[in-house]
Each structure stands twice: as C-alpha cells, then as structure tokens.
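Hi,

Here's the structure I said I'd pass on to you. Have a look at it first, then read on for what turned up.

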Amino acid sequence: MLESTSYSAYVPVYNQAATLGATLAALRAQTNPPTEIIVVDDCSTDDSATIAEAAGAIVLRQTQNLGRGAARARAMESARNEFILGCDAGNRLPPDFAERALKHFQNNSRLGAVHGWFLQSNSGDVVSRWRSRHLFARPATALQRNATHVTAGCLVRRSAVLEAGNYDVNLRAGEDAELGQKLQKKGWEVWLDPDLGIECLTQDTQKSVFERYARWNETDAPKAGEPMARNYLKRLAYAVKVLAVKDIRAGDWAAVPLSLALPQYLARRARNRIPATGGTTASRPTIYYVNTYSEIWLDQCWRRENISRAHLWGADALEAAGFPVRPIRSLGSHPFLRGARWLSRITGGRLGDLAADLLVLQNARRGDLIYVAGGQLLLTPLAIRCGFLHAKLIAWIYKPTTPFSLKSYRGLVTTHFLREAYAGWLALTPHVETWLKQEHPQARVRRVVWSADTVYYPPASGPGEYFTATGFTQRDYAVLIAAASKVNFPFIILGPPELQAQAPANIAWRTRDPAQPHATIDDDQLRKLYHGARAILIPLKPDPDDASGFTNLLEAIACGRPVVMTRTGALDLTPEKLGIGYDIAPGDVDGWITALTKLRREPDTANRFAIRAVELARDYFNLSRFEQDLVGYFKDFAENRTEPSPVNVLTQLNAAYSATPQLTK
C-alpha cells in the first residue's frame, strides 16, 4: 500500500502560451489534486511564465533554452513529493488521470513509471487525422508492463528516477525513452496504460507532425554505415504498404499524399540532421580533459559507480552534449610518464604536472580544446605561446595566482606570460572572475558555480547527534579545538596528526594525512558522516583570496545540514547569506561557542537552516544546473558566441532568504 497519495505535478514549457492555461487548469481539476504544480520555463519569449504565475504555479526559469531533458531533470530535483505527475504544455489530462495512475503503484514497489496514451480523433483537418491514425493509434494490449517511457502524461516515482540518473539534461528529444531504458536496467518497471487518456491540444502542421514522427521513431534512423538510398527505400516501402494502406482503409484518401511524402522528409532530415544535443557532433571540437587531482577515480566516476560525479567537473556532461572528450591519463606505466611524475614530485610541483603535459602535447591538434579541471600545465601553455601548438586552453582557477619567485621557482606555471596562453578561464568566485578579467581582457572569463552531486549526497533525515569538520586545506582547527573544549557537545573531526594531542575528550579525532587526504575517508564514509551530523563546521585561516571550504559548504547544502564557517571574504556565498547557518570572524573562539550552542539548544533554528539547505540544493546547487552552465560556456566558446553579462548568484536565487538570527554573546 502507498504511504501517501500526495504528489507533485510539473509542466515543461517553451513558447506554449496558447495551450498552457488549459494544461494547468486540468491539473488543478484532478479529483486528487497535486500539492504543488511546477512549471519549468525553458527561456520562453512569449507569455508562458506570466500565465503560469497567474495560475498559481511555481515557476522555475531556465537562464537559457536547454531543451526538455534539462527541464524535466530540474523538475525531478525540485519536486517535494515521491510521486510526480508530468504533463506536456500542449496536452490536457482528464480529471481522474492522477487518481487512476496512483492505483497502479499501490501493490507494486518496483513500478517506476506509468504513462497514458493519446485520445484519438477522426475529425479535424487532414494533418490531425493523419496524426491520430499513425501516431496516436491506441496500443493493441490493454496494459503493457515493459513499455517505452513516454512523458506526454505520466506519473513517476521520484526515487526511481533519481536512482536511474534522472533525465539526461543534454537531450532535447528522446529524453523520456532514454530514462525508460535506464529505469529498466535498474530493475524498475515502466507501464503503459492506454486507458489513461491524454488529449493533445497542439495543432500540428505537416512539417511539425513529420518532425514528431521522426522523434518518436528515432530507431528507424539510418544505422552506421547503412547507405542512405537503402534506408530511403525501406521507408518508402513502409509508407506504401502500411501507412497509405491504413489511410485508404479509413476512407481518408486526402491523407495518402502525406504518408507518401514522409520518406522524403525523413531523408532530408537524415542528411542535414542536428542531434538532440543542439549541434552536429562533427562540428564540436575535441576536448582533452585534464584532471590530475581526481584521475584515480576517473573510470569509477564515468561509470557512476558509488562515487560523487562532482569529481568529473562536468566532463561527462560535455561528452553527452556532443563534444568528443578524451581524458588525459597521466598515471600510466610508460617510462616517460613515470619519469615525468618523478620529476614533478622531486620539484614539489613547481614544474606542473609534466606527465599530463606530455600527453596533451602528444595528442592535441589545431582547433582542439584542452580543459584543465584539476592540475597545472607548464609545457602546453609554453608551446602555445611559442606558436608550436594551436589548440585552445581552458582552465578552472580558484584564487588569484602568487607572483613568480626566482629564488624558489614557485609560481612558474602561473606567470602572466603563461596565463596569456589560455583562451578561456572558469572562475569559482566573483573575486577571481574580476581579477581574471582585469589581467586577461582578451580571454573568455565566466564564473560557473560548482555544485555537489545531490543524487550521491541526498538530504539527511532528522537532526544529527554530533558536530563534524572534515576539510584539510587552509583549516584552522586550533580555534575549533579551543571552542570545543568550552562545551560538552560531541565532535568528530578529521584533522592533521600534530593537533590530535590538543583535542579534548569530547572530540573523536581521526588523523588525516595532508599528503594523502582521501586515503583517510572515501565518499561513502563521508556521506554517512555528514548524515549523522548536527551541523558541518568549516574553520578556516584568514585568506581573502582563498576559496577553501567551498566543497564542504556544497556537500553540506546537498545533505541538508546547517553550516558554521569562518568568514574569510573569499566567498560571496556564505552560510548567513544563504540562510543555512552562521558566519564566524577569523579567530573568534567565542563566536564558535555561541553558534554551536544555538544549534545544539535551538532545534527549530537548526531545522530551519536544514530546510533552507534542501531548498537550495533542489533549486540551484545541483549538478544539473552546474552542467547546464558549463556546457553553455563550452558551446558559446566553440561557436564564438557573445559572452553573457555576469550574474550575481544571490540575485539569481531571488535574494529571498529568510533573515538569519544574529549571534548574540
């Protein structure tokens, strides 16, 4: 039996103001109405968003047109209920659709999705009749238990969708069928109940109905290596023997020319085909992906095997968007690679990641992109500056670089001369973005806000028992130890071994080796540690340029945990500004004591912070949004589109944060 028959409803919309009102009215008129209606506006240029707001829907606005896959994925992440009803903006559901669909889930815990089918109509113009006959024909069986997922009108189990990896944000068409395959691979059932009727409100033209046919029958596209002429003859034979015959038997002779014209349309579409990602794969430059920091997890991340996908920094999303991505594997056993790693090690990294450098120089060609998500290159930017390599470098940067020291050779790989080799920069903070634009006005600079993997780090349930701190970069654990010694609350801290002797009895200290920080705890253990915590603590040393602590902040948001964090000035997104916790001045032991005491003794305050964190993860701080922004940057870069204006993230979040209680001593 179902624990609850409550459900959310969502409608993805792009320039469908003409039918959206009727779609929303039908959702409101359900015999079991939804607790919320979400409209994901895919950057419409008409009045779609205004109509949705007037109807009382929650409107989520995309910053650019990203397609149905991205819109549906955002709805899945934003919905508050386990069951989610989806309806396209050009359709209308009968009043009992949701009530009848929910009954299918009552005695089947492995049912992931059920969808209905279109109501047929033999009236209207010839295009409508052709559509009804060849696209909306009722399935032969009453109930299909191994169906292709269709989102025109469907009810899904949110946990199943997220377990399967959600809708692919890079697919503009076919995202429903792709998710259906992923659901079935995970052991979830997908049902089609043709008695769940769907009324199509959209009036198709000949071109639009042919395009709909092409999308729905994508498996009929020419196979790799298959001659176009042979595929055309197969389609022509089908049009004559099947489609036209159905028209004649229905007495609809006016529809026969449409059936015979379909193969010509499909042949032209195949010759000039633009994939669902929005551009031809052939037009996308090859991306050589460098991330020496997380290379050891590369294959595991790519296969999505029990590890956070955030480690990939969007590389898999770029591949899904049509970019050929070639990971640089610098940990190979070739003698040259071993020698390069040894040289990098004995020079303390002053010469950058030489093994990755050698592989980039060996493979990159004119016009390729080199995406440096982690690590530093020396030889590659030098080759570009000297005119030996004509690829384009794009890299993340987390803080303004330090000046080069001739005495220590520190800062060699980040000298202004070598930085000028970079055609693009991705900035983690607005401070870094401003600095880069001043230093390199000719480069494409954009701030893209990173996010945690909200599927891997789901929201925790209930208040935790202890406070925890797990970071290792720029951490000021001495201040936290001093504060912990003045209270009797339990702590679990992963810190350096030299401070363990100073920890009071209420701290369970786990030694973390700064040289191998990830050997102490893996992602799975970290997730469990976060879920059991009352709050996440991020004590930092004062450095207005360093963005340390941001990863812990994002993971805390994903897990729905309050945060107490040192205010360094490097981040514009702080716990107090986001409404999820407290900012503490550097070195302020009393401030830490006050914040910890409030979170321990005021459960309502802690719960309000936790709820706000879950909302932020749902609406903004998630990989779907991050990957959309990153893919948008690379598409703009590849197609040489004008850079958009900088966006204030707090403004983008509507600046509608609940006032955070001020600390009083």
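Before we start, one term: contact means that heavy atoms lie within 4.5 Å. Also, keep in mind that this is a predicted model.

With that in hand, try helix α18, residues 477-484: it lies across β15 (466-469), β16 (491-495), β17 and β18. Its direction is at about 160° to that of β16.

Those strands belong to an open sheet of six, and the order is β17-β16-β15-β18-β19-β20, with parallel pairing. At the edges you'll find β17 (507-511) and β20 (581-584), each of which pairs on one side only. On average, neighbouring strands in this sheet are turned by 15° against each other, ignoring direction. If you zoom in on β18 (533-538) and β19 (563-566), three bridges join them, and I536 stands opposite V563 of β19.

There's another parallel pair earlier in the chain: β2 (36-41) and β3 (58-61), with four bridges. Here V39 has V59 as its bridge partner in β3. To get from β2 to β3 the chain goes through helix α2 (48-54), and this β-α-β crossover is right-handed.

What about the nonpolar cores? In soluble globular proteins, nonpolar side chains tend to be buried together. The largest core here has 61 residues, and L318, Y371, W396, L426, F550, F621 and F634 touch the most other members. Take F550: leaving aside residues up to four places away in sequence, F550 touches L428, V449, W450, L571 and L573. A second, separate core has 51 residues, among them L24, A57, A147 and L258.

Have fun with it!

Terms used
Residues numbered from 1 in each chain as written. Predicted model: local features only at pLDDT ≥ 70, side-chain atom pairs only at ≥ 80, totals over all residues. Heavy atoms only, no water. Pairing = 2+ DSSP bridges. Helix = DSSP H or I, 4+ residues; strand = E, 2+ residues; numbered from the N terminus. Right-handed = clockwise from strand over helix to strand, strands pointing away. Core = buried A, V, L, I, M, F, W, Y, C linked by side-chain atoms within 4.5 Å. Buried < 20%, exposed > 50% of the residue type's maximum accessible area, 1.4 Å probe, protein only. Axes fitted to C-alpha atoms, helices over the stretch in contact; angles between N-to-C directions.
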